[in-house]
Amino acid sequence: MSAKIKQELINPPRGTTDLLPNDFLYWDYFLSVINKYAGIYGFGKIETPIMEDTDLFVRSIGETTDIVEKEMFSFATRGGDKLTLRPEGTASVARAYITNGMSKWSQPVKLFYVWPMFRYERPQAGRRRQFNQAGFEILGGGDPIFDAQIIQLCWTVFEKLKLKNIAIQINSIGDAKCRSKYRSALVDYYRPRASKLCANCRVRLAKNPLRLMDCKEEKCVLIRSSAPQTIDYLCQECHDHFKSVLEYLDEINLPYMLNPYLVRGLDYYTKTVFEFISEGDEYRQSSLGGGGRYDTLIEMLGGEPTPAVGVALGIERIVEKIKEANISLGKKVSAKVFLVQLCDLAKKKSFKLFNDLIEAGVPAMESFGRGSIKSQLRVANRLKIKNVLIIGQKEALDNTVIIRDMESGTQEVADRAKIINIIRKKK
Ligand code: AMP
């Protein structure tokens with residue numbers, strides 16, 4: 001006798017998870033809203049490869065950012081190409097804009113995506129290694145109205161999802177010229193205080209001073225509170241652009257908060273940057289989405305100068321908020337009839353009846369795996385389906401069906417050929 005060897009279980013990779021049917025109740029709710037409003041606002045859907053040339057992300061996101069330094073899932077193919085699973089969507093969209101000659105399309109081009117992203121981060125609540133983002137990008141439009149429109153669209157999505165207590169934080173980091181002046185001012189401010197910073201911030205000071213704004217350590221937050229603010233270093237054009245974005249938001253009464261320390265970690269941003277924060281939990285993982293303008297990215301990647309603005313919403317975090325808010329998602333089961341069968345011949349007839357019902361557009365459910373009438377009726381009860389169609393041996397032989405009303409308990413026998421018409425008339 002050979003003893004069965006218990007195999008070691010294989011778990012999903014760290015920081016990844018399965019999405020099960022119950023999760024999709026929430027996901028589909030989110031997706032139906034986002035798809036609807038993307039359409040209404042004129043955004044067309046785009047899909048790009050899940051992996052891209054590693055250089056695309058290094059050049060777009062910036063060499064000294066967390067994503068590029070520590071978080072990319074990069075690998076070499078057998079042929080020696082260096083590829084990376086995309087850690088964010090904007091770089092891929094900008095690449096696709098150039099590859100597909102979108103500068104010749106009517107401008108601006110409005111694109112929308114729902115994509116998985118990959119970042120090698122320390123997994124924790126709200127932070128995974130594979131997660132999903134829904135993103136909107138407006139390419140070929142420098143007008144501040146587009147920044148406001150992207151924010152308005154996200155706000156509409158949150159409103160339609162019935163999510164409350166979302167705050168809009170907004171700032172401007174100016175263009176490359178303003179930023180270089182700001183960076184010098186930051187270094188001047190921080191250098192004499194370097195010994196008081198955490199180890200990470202000392203590295204940031206040397207490599208990418210703007211990222212000093214992101215630190216959550218108490219002592220660094222304290223030092224930051226008197227640090228120079230981006231807004232004071234904007235040139236006239238960037239200043240006017242930002243003012244105009246805020247005026248558009250005022251026009252539609254969107255409640256934004258100016259956050260002078262919001263810089264967002266990626267190199268490609270220019271001018272407006274913004275985030276949507278769930279009020280109450282003010283730690284970083286509470287940001288539900290973020291975005292900004294990236295006027296030089298497409299040119300940096302070899303395209304024509306093309307101003308653009310975009311946003312990415314974190315789907316897992318939004319779905320978590322939907323769950324927490326106990327929002328009613330509507331009826332789960334919409335079947336009009338439930339099929340019950342009692343012997344092998346009846347099972348065949350029931351199988352055919354199910355097919356005919358679906359073809360006739362009558363939503364039906366069944367429990368073909370169960371044999372006893374009691375357990376099948378229990379399922380119909382649990383699903384709250386009012387009309388049950390029972391086929392036993394007798395009905396199978398004489399081509400009839402018993403229609404049972406689960407609410408009143410009454411039963412009638414009907415011809416198999418007439419059943420679809422009868423059911424159509426029932427509530
Ligand atoms: P970011 O552009 O990095 O700010 O990402 C935009 C949004 O994606 C964030 O506001 C989060 O909602 C979500 N997000 C970012 N990183 C992760 C992650 N590792 N796991 C889950 N969601 C994330």
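The side chains of Glu-121 and Arg-127 meet in a salt bridge, with 2.5 Å from N to O. A salt bridge is a side-chain nitrogen of Lys or Arg within 4 Å of a carboxyl oxygen of Asp or Glu. Both Glu-121 and Arg-127 are buried. Buried means under 20% relative accessible area, exposed means over 50%, and partly exposed lies in between (1.4 Å probe, protein chains only). The model is predicted: local features need pLDDT of at least 70, side-chain atom pairs count only at pLDDT 80 or more, and totals for chains, interfaces and linings use all residues. Residues are numbered from 1 along each chain as its sequence is written, and side-chain values use heavy atoms, with hydrogens and water left out.

The structure holds 20 salt bridges. Side chains of opposite charge can pair when their charged atoms come close. Lys-70 and Asp-66 form one of these pairs, at 3.6 Å from N to O. The two residues are four apart in helix 3 (residues 66-71), so about one helical turn separates Lys-70 from Asp-66. Helices (H or I, at least four residues) and strands (E, at least two) are DSSP runs, numbered from the N terminus. Asp-66 is partly exposed, with a relative accessible area of 22%.

Asp-405 and Lys-386 also meet through their side chains in a salt bridge, at 3.2 Å from N to O. This pair links distant parts of the chain, 19 residues apart. Asp-405 sits in strand 15 (residues 400-405), while Lys-386 sits in the loop between helix 13 (373-382) and strand 14 (387-391). Asp-405 counts as buried because its relative accessible area is 18%. Lys-386 counts as partly exposed because its relative accessibility is 25%. Elsewhere, salt bridges that share partners join Asp-147, Glu-237, Lys-271, Arg-293 and Asp-295 into one network.

Attention now turns to the ligand. There are 15 residues around the ligand, and Arg-119, Glu-121, Arg-128, Arg-264 and Ser-287 come nearest. A residue is near a molecule or strand if one of its heavy atoms lies within 4 Å of it. Glu-121, already named as the partner of Arg-127 in a salt bridge, is thus listed again here among the nearest residues. The side chain of Arg-119 has an N or O atom 2.8 Å from an oxygen atom of the ligand. For the side chain of Ser-287, the distance from an N or O atom to a ligand oxygen is 2.6 Å. Leu-288 approaches through its backbone: one of its backbone N or O atoms lies 3.3 Å from an oxygen atom of the ligand. On its own, the ligand has 470 Å² of accessible area, and the protein covers 94% of that. Accessible areas come from the Shrake-Rupley method with a 1.4 Å probe; for residues, only the protein chains shown count as cover.

Strand 6 (130-139), strand 10 (287-293) and strand 11 (308-314) are the elements that give two or more residues to the shell around the ligand. Strand 10 gives the most, with three residues. By type, the shell divides into three nonpolar, five polar and seven charged residues. Here Ala, Val, Leu, Ile, Met, Phe, Trp, Tyr, Cys and Pro count as nonpolar, Asp, Glu, Lys and Arg as charged, and the others, Gly among them, as polar.

On the surface, Ile-50, Met-51 and Phe-75 make a nonpolar patch of about 240 Å². Patches are made of residues with over 30% relative accessible area and no salt bridge: like charges are joined within 9 Å, nonpolar side chains (Val, Leu, Ile, Met, Phe, Trp, Tyr) within 5 Å. Phe-75 has its place in strand 3 (residues 74-76). At 35% relative accessibility, Phe-75 is partly exposed.

Some backbone features lie in loops. The peptide bond from Gln-107 to Pro-108 is cis, with omega near -5°. Pro-108 lies in the loop between helix 4 (90-99) and strand 5 (109-118). Asn-165, a residue other than glycine, has a positive phi, near 60°. Its place is in the loop between helix 5 (144-160) and strand 7 (166-172). Asn-165 is exposed, with a relative accessible area of 52%. Asn-326 also has a positive phi, near 55°. Asn-326 belongs to the loop between helix 11 (315-324) and strand 12 (337-341). At 71% relative accessibility, Asn-326 counts as exposed.

Methods: Polar contact = N/O pair within 3.5 Å; in protein donor to acceptor, adjacent residues only side chain to side chain.
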